[in-house]
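Here is a friendly walk through a two-chain model, starting from a single residue and working outwards. Have a look at the structure first, and then read on.

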Amino acid sequence: MPALDVNRLAKTYGSGEKTTEALADVSFSVDDGEFVCVVGPSGCGKTTLLKCIAGLLGPTRGEVLLRGRRVTDPPEEMALVFQEYGRSLMPWTSVRNNVLLPLRHKKLSRNTRSELVEQSVDSVGLTRFIDHYPWQLSGGMQQRVAIARALAYQPSILLMDEPFASVDAQTRADLEDLLLRLHDEYAITILFVTHDIDESVYLADRVVVLTHAPTSVKEVVPVPLSRPRDQITTKELPDFTHLRGHVARLVRREQVAPV
Amino acid sequence: MNTRAYTAAKIGAEIAVPVALLAAWQLWTARADSQFFPRLSTILVEFRDLWLFSQFTSDVVPSLERIALGFGIACLAGIVLGIPIGLSRWLRLWTTPHIEWWRAVPPPALLPISIVLLHSIENRQKVAFIAFFCFFPVLLNTIEGVRGIDPTLIETARSYGIPRRERLWRLVLPAASPQIAAGMRNSLSLAVITMVLAEYFQGTNGVGYVLNISKNTYQMPPMWAAIVLIGVLGYLANVLFLLAERRLLAWHRGWRRAEAV
């Protein structure tokens, strides 16, 4: 059984003449421990798709199955990391309390909670800043806090919505490598939405390419590049160039398509 | 100008301006020798005798109690009611016209009604009157503060399955707190105004009562002493509030500064 099964998902907004069809028919699956990236032309409903998968939005048709169970509300074994790191963190309290937030209502002992917090903050390299306010940190570091919070929650699947879209290129490369390391260490399943084609090929085991809205799956591209991956050597491989070219062509064809 | 010099200048101005005005008052009143404008020295002696000694417990303490009680009730009610209204579009739809109407009524217009309704010119009526008018700034600011919460924060909480009660306590309330504090500060100055008003028109004690009695009996020094005390009360209340806010909402100042960069 796949970890996540997206089955003929459709989502329409509004009704009557003002109906907007965001998702037409989206199907794909994610296996246990897999790293899957979703790319598509801008405005293709990537965020809508992710919110439906996360149980934050109800689909119009179709279903999302998490280990065979239908998702209707945000499931407990799922964590979500947004692009707007600064807005998903609480500015009035420390990094520690931000990471602790989703653990407070879990049935865990006090010690286990603080261990989880410290461990996950450590694994994103922010131990020194655990008692800082989030706004005292740089953008990249704030996104690490959001990642640490997701890890501490101990999800079996991590959903990420363009998480590195608003940091500079160098920070972005660092965060990508951090994420690959965590994927390996925590044996976590990751579904990663991005508009960056290089990023998707660099990170993923498979890349799901979406069409423009109303969205369906254009093609699922397997990425058989070996791991661990490296920002320089992996991106030099002819296979990498070939794959990114292939994905880029798929996306570009969608972008010039008539609306 | 560096910050230290600026702070020094600010404190200097805060002290120097009133001192200069008081000196001018003393010089002018000494020359004018008017019955209605007694000398500053006379007012200050009166101030000391009245407020610091003979009538401190009989008039100053009751006034302070009324402000504290009325303001406290208003803050509590404003926050408790403001949060659900801020969270619900439907509640806002039904409550907004009422809120807008009542807050548009000037306080003196409601004085007679408050006396009739509550059958009282004692503390009950005074506190209720103060609380009623202090309630609106807190309520409106709480509603706006709650409405203004970043949807990303709420979605984050939902995706982590954080229960409603905890969301209120740990997200909604702190996120709205800077704006709630702004409303409370407005209310605090309103509390002083409405306290004087309520005591001035109907009352048996309090600073506003002394003000009215002194005026009616042509006793100018105690009247001026009452005016000075009311000003000092309002000023001190605001200073204390700002100090508390600076401590409790330190994160907000830091955050705003970080966002501005």
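Let us start with B:Arg170, which counts as partly exposed because it has 18 C-beta neighbours inside 10 Å. A residue needs 20 or more such neighbours to be buried and 12 or fewer to be exposed, so a count in between gives the label partly exposed. Keep in mind that this is a predicted model.

Where does B:Arg170 lie? Its place is in helix H8 of chain B, a helix that covers residues 164-201. For a sense of distance within the chain, take B:Trp94 as a partner: B:Arg170 and B:Trp94 are separated by 76 residues in sequence, and their C-alpha atoms are 27 Å apart in space.

Helix H8 also leads us to the contact between the chains. Chain B brings 19 residues to this contact, and chain A brings 19 residues as well. On the side of chain B that touches chain A, at least two residues each come from helix H7 (151-159), helix H8 (164-201) and helix H11 (250-260). The largest share of that side belongs to H7(B), with six residues. By residue character, the side of chain B that touches chain A comprises nine nonpolar, five polar and five charged residues.

Now for the chains themselves. The table puts their overall values side by side.

| Property | Chain A | Chain B |
|---|---|---|
| Helices and strands | nine helices, ten strands | eleven helices, zero strands |
| C-alpha span along principal axes | about 55 × 45 × 35 Å | about 75 × 55 × 30 Å |
| Buried residues | 45% of 259 residues | 33% of 261 residues |
| Contacts (separation of 6 or more) from residues 24 or more positions apart | 70% | 74% |

Chain A combines nine helices with ten strands. Its radius of gyration is 18 Å, close to the 18 Å that the globule rule gives for 259 residues, so chain A is as compact as a globular protein of that length. Buried residues account for 45% of chain A.

Chain B, in contrast, has eleven helices and zero strands. Read from the N terminus, the order of its elements is α-α-α-α-α-α-α-α-α-α-α. Of its 261 residues, 33% are buried. What part of the chain B contacts with a separation of 6 or more comes from residues 24 or more positions apart? The answer is 74%.

How values were computed. Residues are numbered from 1 along each chain as its sequence is written. Chains are lettered from A and ligands numbered from 1 in the order in which they are written. This is a predicted model: local features need pLDDT of at least 70, side-chain atom pairs count only at pLDDT 80 or more; totals for chains, interfaces and linings use all residues. Two residues are in contact if their C-beta atoms, placed from the backbone, lie within 7 Å. Helices (H or I, at least four residues) and strands (E, at least two) are DSSP runs, numbered from the N terminus. Ala, Val, Leu, Ile, Met, Phe, Trp, Tyr, Cys and Pro count as nonpolar, Asp, Glu, Lys and Arg as charged, and the others, Gly among them, as polar. The radius of gyration is taken over C-alpha atoms; the globule rule is 2.2 Å times the number of residues to the power 0.38.
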